[in-house]
Amino acid sequence: MITTQQLTKKYGSQMVLNIGHLEIPKGQSFGLVGNNGAGKTTYFSLLLDLIQPTTGQIINNDVQVNTSEDWKPFTSSFIDESFLIGYLTPEEYFYFIGELRGQNKADVDALLANFEDFFHGEILGQRKYLRDLSKGNQKKAGIVASFIGNPQVIILDEPFANLDPTTQIRLKAIIKDLSARKEITVLVSSHDLMHVTEVCERIVVLNKGVVVRDIETSAETLRELESFFAGNQVSEEEE
Amino acid sequence: MFKHFVSLQWKSFFRSSNFGKSLALKLLMGFLGVYMMVTFAGLGVGLFFILKKAFPDSDPMLIVCGYLLYWVLIELFFRYFMQKLPVMDIKPLLLYPIKKSKIAHYILVKSGLSGYNFLSLFIAVPFSIVLITQGYPVSNVLGWLVAIVCIVLTINYTNFIINKSDKVFLFLGVLILALYSLEYFSVFPVKEYAGQLFYSLYQNPILALLPFVLAIGTYYVNYNFLRKKLYLDASLKKKAIKVETSDLTWTKRFGSIAPFLQLDLKLIWRNKRTKMQVFISLAMILYGLFFYSMDTYGDTSTIYLFVGIFMTGIFLSNFGQFIPAWDSEYYGMMMSQNIPLRKYLESKAGLISVSIVVMFLLSIPYVYFGWKALAINFACALYNLGVNVPVILFFGSFNKKRIDLTKSAVGNMQGTSATQFLVLLPLMVVPSVLYFVLKTFVSFEVALITLSVMGIVGFVFRKTLLDKVTEAYRKRKYTMLAGFKEQNN
């Protein structure tokens with residue numbers, strides 16, 4: 001589904017990302033972990049054509065993302081709060097995204113109904129603008145918005161950060177459910193090793209822009225990751 | 001402790017993003033500032049002589065005093081939506097071992113030194129100096145000046161008290177209108193009585209104590225209020241207003257650009273700065289009166305063309321020059337969502353076009369000054385529609401400065417760069433020069449027809465032009481994205 005070839009990104013002389021080859025098959029739930037500055041967000045931004053690669057390319061379902069815009073209809077994402085429109089209410093935002101993705105109000109409402117638990121009564125019908133919601137609630141709205149319009153690829157940067165424990169657990173269930181259907185490729189990045197190992201079939205560890213581990217998730221994975229991060233980079237580990 | 005606060009203030013000023021702006025912009029802003037000051041001071045100096053000449057029989061001081069009540073009310077009215085107590089700045093201070101009373105004093109004193117307070121003093125001080133040189137008794141004039149300073153401070157602190165309710169604002173508006181009508185229909189001579197009141201401040205300098213006590217009093221009301229409310233959930237919290245969502249389904253008529261049109265309308269209506277642009281634009285329809293009411297220009301002067309372009313294109317330039325920076329907060333989302341850039345721009349073009357038509361319709365009463373005024377405005381509207389819309393959108397592709405929509409509307413230069421000044425050249429200067437040349441060497445009619453035809457041609461080819469503009473946006477996408485991400489520019 002997503003093929004990355006000879007991808008590098010340099011700022012000045014500093015290489016921030018260097019991925020020789022990375023293949024993410026359709027329907028995989030893919031986890032990206034790494035410390036701050038490892039290149040996770042850079043990779044996602046390249047995937048969304050928000051920054052230009054220095055060399056190489058990413059091909060998303062036969063579309064080269066930095067030359068064609070045809071990947072947009074089947075790809076959706078939530079990177080950070082800058083993906084929200086602060087002066088809209090959550091409902092208006094969902095309908096707006098829905099319209100961009102060819103869904104009418106009824107379609108969007110039907111989808112939102114599945115997330116009532118996840119919203120925990122704090123998103124819909126609040127008569128508040130998105131900018132006035134708490135960080136966690138903003139995140140909830142953004143994540144759900146990325147599910148609108150039957151995307152085949154969903155990219156979520158740090159979806160667990162800022163969420164309360166209950167919501168984290170619910171989000172994990174949602175992601176697992178998505179990947180169980182084997183039709184949607186979910187890309188998730190996180191600092192929380194436990195969450196990623198729980199929801200992702202495959203975990204790639206980035207360190208200073210380079211892929212240093214590529215693991216099929218198993219019972220051993222969490223320990224393996226923990227020992228990697230504890231051993232290699234104690235000095236960099238704190239946020 | 002106050003020393004620390006002052007140094008904080010100093011740093012926040014000199015390290016502010018505004019200050020780091022390009023030299024040209026700084027110079028321009030500095031120039032504008034000096035210009036304002038000089039104008040006000042000039043008015044202060046000239047006021048005495050102007051009044052003396054206009055009303056040789058009465059004392060200029062008495063006339064000025066007559067208007068002071070209106071000044072107080074109008075200043076309160078304007079400050080109501082222009083000036084807010086800068087409480088958010090002190091949020092970080094709450095955690096440190098600083099007494100709350102000190103923090104409260106700090107913001108209140110700081111607000112006393114705000115620029116708004118100096119504005120009227122730029123008139124009052126020169127006026128007083130002139131009075132003294134004209135032989136008015138020094139002690140009386142000084143007493144009066146002190147009283148004025150205290151009144152300014154009272155206005156300053158009263159504003160923070162009444163700022164909490166919308167009703168007061170409405171009341172102020174009604175009061176000003178009511179007083180003025182009483183005056184106008186000679187029911188009650190407001191000016192005379194109010195004038196006496198303020199004039200007594202001059203006659204009897206001891207009375208200056210009264211405004212002084214008022215200033216101190218309002219200060220303490222504020223202080224007590226603030227001191228008690230220095231908690232995150234009280235006065236420091238930003239107000240979250242209950243949203244009234246409006247149904248904008250009528251935009252569906254515009255087909256595929258409807259979602260963007262809805263978004264733009266909400267953008268304009270729900271953010272202070274953009275909303276202000278609408279009001280400014282509507283008010284600017286009166287701009288032409290300055291020129292049309294003077295006979296010095298003749299009826300086909302180039303100044304009228306400039307005025308026409310300006311009036312019909314005010315929203316075009318005010319709103320358009322910051323496209324797409326209005327959307328900078330979420331530009332990343334716009335660029336990764338399933339959005340055809342073309343549709344996005346079409347919606348903006350549509351919105352601006354509507355504004356031009358509306359402004360033209362509003363300008364029709366200028367026909368009072370002759371059919372030529374109407375003809376000029378019509379040609380200008382056409383030119384704006386056909387030529388200036390694509391031009392401003394094209395220049396928009398050079399915008400890369402972020403605009404925070406939540407920031408205040410007044411004096412907000414966020415998003416301003418050299419582009420904003422460059423764009424004025426093709427927008428207003430080019431048609432004016434063109435008109436001037438054609439009118440001088442051929443004829444008035446030919447000049448207008450040329451501009452109109454240019455507008456119509458541009459309108460006919462708007463699809464092609466918009467394609468070119470879209471291409472420009474595509475090329476600059478990454479630069480814009482990077483620029484809009486920078487929080488403090």
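**Exercises on backbone geometry and the chain A–chain B contact**

In this predicted model, Asn61(A) is found in the loop of chain A that runs between strand 4 (55-60) and strand 5 (63-64).

**Exercise 1.** Determine the sign of phi at Asn61(A), and decide whether Asn61(A) is buried, exposed or partly exposed.

*Solution.* Begin with the backbone: phi of Asn61(A) is near 50°, which is a positive value in a residue other than glycine. As background, most residues other than glycine have a negative phi. Then turn to the surroundings: a residue is buried at 20 or more other C-beta atoms within 10 Å and exposed at 12 or fewer, and because Asn61(A) has 16 C-beta neighbours inside 10 Å, it counts as partly exposed.

**Exercise 2.** Carry out the analysis for Lys208(A), giving its phi, its loop and its exposure.

*Solution.* Lys208(A), although not a glycine, has a positive phi of about 50°. Lys208(A) lies in the loop between strand 9 (202-207) and strand 10 (210-216) of chain A. With 17 other C-beta atoms within 10 Å, Lys208(A) is partly exposed.

**Exercise 3.** Locate the cis peptide bond that involves Pro324(B).

*Solution.* The bond joins Ile323(B) and Pro324(B), with omega about 0°. Pro324(B) itself belongs to the loop between helix 14 (314-320) and helix 15 (331-336) of chain B.

**Exercise 4.** Describe the contact between chain A and chain B.

*Solution.* First count the residues: 26 of chain A are in contact with 23 of chain B. Next, find the element of chain A with the largest share of this side, which is helix 2 (residues 90-100), contributing 4 residues. Finally, sort the side of chain A that touches chain B by class, which gives 13 nonpolar, 5 polar and 8 charged residues.

Note on methods. Residues are numbered from 1 along each chain as its sequence is written. Chains are lettered from A and ligands numbered from 1 in the order in which they are written. This is a predicted model: local features need pLDDT of at least 70, side-chain atom pairs count only at pLDDT 80 or more; totals for chains, interfaces and linings use all residues. Helices (H or I, at least four residues) and strands (E, at least two) are DSSP runs, numbered from the N terminus. Two residues are in contact if their C-beta atoms, placed from the backbone, lie within 7 Å. Ala, Val, Leu, Ile, Met, Phe, Trp, Tyr, Cys and Pro count as nonpolar, Asp, Glu, Lys and Arg as charged, and the others, Gly among them, as polar.
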